[in-house]
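Me: Please take a close look at one part of this model for me. I am curious about any enclosed space inside the protein, and about what surrounds it.

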There are 2 protein chains.
Amino acid sequence: MAKQVKTAVTPTRSEDYSEWYQQVVKASDMAEHSPVRGCMVIKPWGYSLWENIVKELDDLFKATGVKNAYFPLFIPLSFLEKEAEHVEGFAKECAVVTHHRLEKNEQGGLSPAGKLTEPLVVRPTSETIIGDSFAKWVSSYRDLPLLINQWANVVRWEMRTRIFLRTSEFLWQEGHTVHATDKEAVERTKLMLDVYAQLAEEYLAMPVIKGRKTKSERFPGAEDTLCIEAMMQDCKALQAGTSHFLGQNFAKASGIKFQNAQESEEFAWTTSWGASTRLIGGIIMIHGDDDGIILPPRVASSHIVLLPISPKEKDRTLVMEFTENLAKELRNTWYHNSRLRVEIDYRDTGGARGWDWIKKGIPVRVEIGPRDIADNSVFVGRRDKEHRDKKSYKRDEFISAIKDILDEIQQNLYNRAVSFRQAHMKSIDDKNAFYEYFTPENRETPEIHGGFAISHWCGSEECEAKIKEDLQVTIRCIPLDRIKENGKCICCGQSSQERVIYSKSY
Amino acid sequence: MAKQVKTAVTPTRSEDYSEWYQQVVKASDMAEHSPVRGCMVIKPWGYSLWENIVKELDDLFKATGVKNAYFPLFIPLSFLEKEAEHVEGFAKECAVVTHHRLEKNEQGGLSPAGKLTEPLVVRPTSETIIGDSFAKWVSSYRDLPLLINQWANVVRWEMRTRIFLRTSEFLWQEGHTVHATDKEAVERTKLMLDVYAQLAEEYLAMPVIKGRKTKSERFPGAEDTLCIEAMMQDCKALQAGTSHFLGQNFAKASGIKFQNAQESEEFAWTTSWGASTRLIGGIIMIHGDDDGIILPPRVASSHIVLLPISPKEKDRTLVMEFTENLAKELRNTWYHNSRLRVEIDYRDTGGARGWDWIKKGIPVRVEIGPRDIADNSVFVGRRDKEHRDKKSYKRDEFISAIKDILDEIQQNLYNRAVSFRQAHMKSIDDKNAFYEYFTPENRETPEIHGGFAISHWCGSEECEAKIKEDLQVTIRCIPLDRIKENGKCICCGQSSQERVIYSKSY
C-alpha cells in the first residue's frame, strides 16, 4: 500500500505522459485493445461514460431541431468517388468488403467467396451515402432545412492507433444538414460548433478554443472546417469536435436540388459535423492525475461509490442496511438531467478497494463504518482533493450537499484546466523564441511540448508546411474571436493581419 | 379526399398483405430501401420508435444487473471458425473485408488494395469476438456472473430482404453472459426471455407465446434456444426475440475458464440473447390497419400531434398561442418513464394533414380552431378509433385525461391482438384438417395463412421436415407452458406427449 499512497499509477505524467495514458486507461478498466488490429473493446466503465455523453449531446442537438436517423454501414465505391477531394482524403484508410460469403477451401479452412460486382467501403464518414437519400428527400424549399444526425460506428484504417484517440473503428455521431441558402448553412455550421463547445465546457469541464482550420487541415471536400481545440496536460492540442460547411460540393456530387420560392431549381447547401469516442481520451488526458482518471460529474460513469466497512461480523447487517438505504435515497435524487448514479462496493479488500475507485475517477467516495453510523454520519472523499482529505458529514447533511459537492468538483476540474492552459499559452513574435518553445531539450526547464503559441501567420501554405516539417507543429486553428492586428509571419517575416494557434497535437 | 376516407392505404390488408406492408411503411415515412443491396435507411419517424424501444429495453436489462459495453465490428475469420456449428450457420451470409485501402487502377477508377493477411468478417453476431474478451476478464468464480450487453449493427447477407423484417444490415442488441454453473446460465436464459416477453406485451402491445425451438431451428452453436413468437394479421408468426443457452460450447471455443471455490479450473457456461429492428416490422404488422400503422403509446415515436386550424388571417395569432401553450404544458407532463412527445403541424394542407398523421400512426390528434378556443376546448381524435369518431374536451380536462387516453389505446391494441390470435389459433388432431388449415385455396373462406395449429409432434426431425416441405409450415416453438398430454403426431401418427405450435412464419 505504501507505494500506492504515493502514486497509484506508474509512470507519472511527468515521467512519461504517453505511457501514463496507457496505464490510467488500464487501471480505470475503461477499455482495452482488441485482437482486431487497431480496434478497441470499450468496457462497461468506459461505455457508461460514453452513454452519458451521448445522452447530453443528443439532447443539445434535439433542442436545435435535429432528428436522428440511420443510414447503411456500407458505401458503394462509386458513391465515394463522386466527390474527388473526399475520396482522395479517405482512400488510403478504407476497409473494403469484396465478398459476401465464406466457402471451404482446399486446406479445409474457409475462404472469401461470392465476389461482389462492386466493392463496398465500410463508412469512414457518410456524406456520400446520406447525400443519396437527401437527394430523394429534398425537392422544394419547403423541405428545408433538413436537420439529421446519426449515431454510428465508422472505420478508418489508421496505421498508428491509440485507445480512444485514434482507433480503426470508433463510435461517433455525424450530423448532416441541408439548407436553401449559403448563409443559413454557414450559420448552422457555427451553431453546431457552439453546441460542441457547450458540451466540452459545461459537461466535460474541458475549456476549448473555437476556431477555423487552415485549408490544408480541412475535411476532405469541405469549403470551411470549424473546430474546438483543447489543451491536454502534456500541452498538446486535441481536436474535440469539427463542424464543416460543405458549400454545394456534396449537393452537386449527390444531386441534392430543390425548387426555390421563384420556382427555379438550385443545388442546396450542406453541412456536416461530428464528435466521437475520442472525447473520452480527451477527458482522461485533461483531468487525470498520477492516481488515475478523474471523471467530470456531469457525465461521470457513476457519481458516488458507497464503501461499507464492517470488520466485525456483528456489525455487518447494520452497516449493510444503512448503506442500502442511503443508496436508495441518493438514487432517487436528481442531479441536473438524470438521477444520481450510485455504486456499492461490497468487496472486502481493505484499502485496495478505495484505490480502485480513485483510479476509476469516481467523483465521490463514501465510507460507512459502525462508528459513522453511531454518529449518523458518513465519511466523504472527493476525487478533486487529496485522497486523505476526507470529511465527515451528518447523513442528511450529505444528501442535501451532494449536488453542490458534485457541481463544485465539476467547476474545480474546469478551473484547473483553464489555469493550466493559461500557463502554457503565450504570444510569440520572435522566430527563435518560437523554435525554442517547441524544442524542449534546448531549455533548462523543459515543458514536454511547449504549449500553444499564438503567433502571426502570413497565410501561405509554404510557411505552414515548413513549421510542420521543422517542429511537427501545426496550426491548430485560426481562433474565431481573433482581432485584426498587424504583425509579421513567425516563419517568413512577411506581413500578417492575424494570429493563429500553433501547437503539437494528437 | 373521398377515396382516402375509404382507406388511406392501397391495397388493403385483405387484398394483398405483403404489398400492404410495403405501402404502410412508405406512407408512414418510417424507412426506405437504400441503394446498398438489402440495407435500409431508417428515417426519423422510424428511428425515433427504435430509440424508444431501446430506452425501455435497456432499462429492463439494467434492472437485472446487465451492463453495456462495445466490441469490434470485425471478427477475424479464425475466430469465427472456432465453433464448428456456429461458422457453418453463418458462412453463407457473411460480408468479408479483404482489403484496407483503395488505389488508382488502369481505368482511372479505384480498386481495393492493401490485402489483409487474414480476412475480417463483419459481425453477424458477436459470440466469438466477445468470447475472446471474456476469456481475459474471467479467471475466478468471483468474477461471475458476467452480464454484458451490446447495442450494435450487424450484417447478414440475406438473399431475400424486406424492410425491418429481414435486412442485410440491422440494428440490435446482443446480450452475453457467463456463469459458474449450468443451472445459473439456464435461469439467465429464461430470465432474459421473460424480459423480451415483458417488452413485447407491456410496451409493444404485442401478445407473445414463450417457447423452445426444436433442434433444427436452434441458434448455430446453442444447446437450447428459447423464443417469443407473435401472430401477425396475416396469421403468420414473427419471432420477436431469442435467448440462447450455449452450454460450454462457446466457453470451450474461446477458452473462458475460471477457478471454482474448490480451486480447480472449469469451463464456464454462457448465454446470449438478442432482439432487433425487426420488432418495428412486428409492430407495424400486428397493429396496422388499412389507414396505415398504429403506434403503441408506450414506445410511440410521438404521442400527440397538435393541428392548429386558422382559415382566417385574423385568428392566426390566437390559434398559434393557444397551440404553443398547450404543447408546452403537455411536454412537461410525464407519461410513464418519459415526458409526453408532442408534435405541432403548422402546414396549411387541409384534410391531407390529418391523414398524414393517421398514416404515421400517432396515437392522438388534436384539432384546435377558433371555435374550440372560444369554448376553451380541443377536438380529439384517437388512432384506435374511427377517424371521424372525435371528441371535444375542455382544455384542462384533456390534459388531465391524456395519460388515461394513451393507456386505453395501449390496452385496446393489446386486446385486439389477443382476440385476433385467439380467433386464429386452434388445436388440430386430424392430419387432413391440418393440411386443409394451411392450404387456404381449398377452403371457401380462406384465411391467408391458416393460423397457429396446436398439434402433436412425435419429436422426430423427419416429421418436422416433411411438414415444412409439404406446407412451408414450421414448428415455431414448443410452448413453455405446455402440459403433458398423450396424443398422436400430426404427421406420422406415432405417439406423442406434447403439442407444439405449427405455423407459417416470417
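Reply: Here is a tour of the enclosed space, followed by a few stops elsewhere in the model.

A word on the ground rules: this is a predicted model, so local features need pLDDT of at least 70 and side-chain atom pairs count only at pLDDT 80 or more, while totals for chains, interfaces and linings use all residues. Residues are numbered from 1 along each chain as its sequence is written, chains are lettered from A and ligands numbered from 1 in the order in which they are written, and side-chain values use heavy atoms, leaving out hydrogens and water.

Rolling a probe the size of a water molecule over the atoms shows where empty space is left. A cavity here is a set of points, on a 1 Å grid over the protein atoms alone, where a 1.4 Å probe fits but cannot get out; its lining residues have an atom within 4 Å of a point. Grid points are joined across faces, edges and corners, and the volume is the space filled by probe spheres set on the points. On that basis the structure holds four cavities of 30 Å³ or more, and the largest has a volume of about 90 Å³.

Which residues lie nearest the centre of the largest cavity? They are Glu127(B), Phe134(B), His176(B), Ile256(B) and Thr270(B), out of 13 lining residues. By type, the lining splits into six nonpolar, six polar and one charged; Ala, Val, Leu, Ile, Met, Phe, Trp, Tyr, Cys and Pro count as nonpolar, Asp, Glu, Lys and Arg as charged, and the others, Gly among them, as polar.

At least two lining residues each come from α6 (127-137), β8 (169-179), α8 (249-254) and β14 (269-276) of chain B. The largest share, four residues, is supplied by α6(B). These helices (H or I, at least four residues) and strands (E, at least two) are DSSP runs, numbered from the N terminus.

Let us stay with strand β8 of chain B, where Phe170(B) has its place. At 11% relative accessibility, Phe170(B) counts as buried, a term that means under 20% relative accessible area, with exposed over 50% and partly exposed in between (1.4 Å probe, protein chains only). Not counting residues up to four places away in sequence, Phe170(B) touches Ala152(B), Asn153(B), Val154(B), Arg156(B), Ser276(B) and Thr277(B), where contact means heavy atoms within 4.5 Å. Ile42(B) is 128 residues from Phe170(B) in sequence, yet the two C-alpha atoms are 9.9 Å apart.

For contrast, look at helix α7 (residues 182-203) of chain B, which holds Glu187(B). Glu187(B) has 44% relative accessibility, so this residue counts as partly exposed.

Farther along chain B, helix α11 (residues 351-360) is mostly covered, with seven of its ten residues buried. Among them are Trp355(B), Trp357(B) and Ile358(B). Just after α11(B), Gly361(B) takes a positive phi of about 80°.

Finally, the two chains together. Chain B can be laid on chain A with an RMSD of 0.0 Å by a turn of 180° and a shift of 0.0 Å along the axis, using least squares on the C-alpha atoms of residues with pLDDT of at least 70 in both. The two copies are thus related as by a two-fold rotation axis. In chain B, the C-alpha of Val97(B) comes closest to that axis, at 2.1 Å.

Methods
On a 1 Å grid over the protein atoms alone, a cavity is a set of points where a 1.4 Å probe fits but cannot get out, and a pocket is an open set with protein on both sides within 12 Å along at least five of seven lines; lining residues have an atom within 4 Å of a point.
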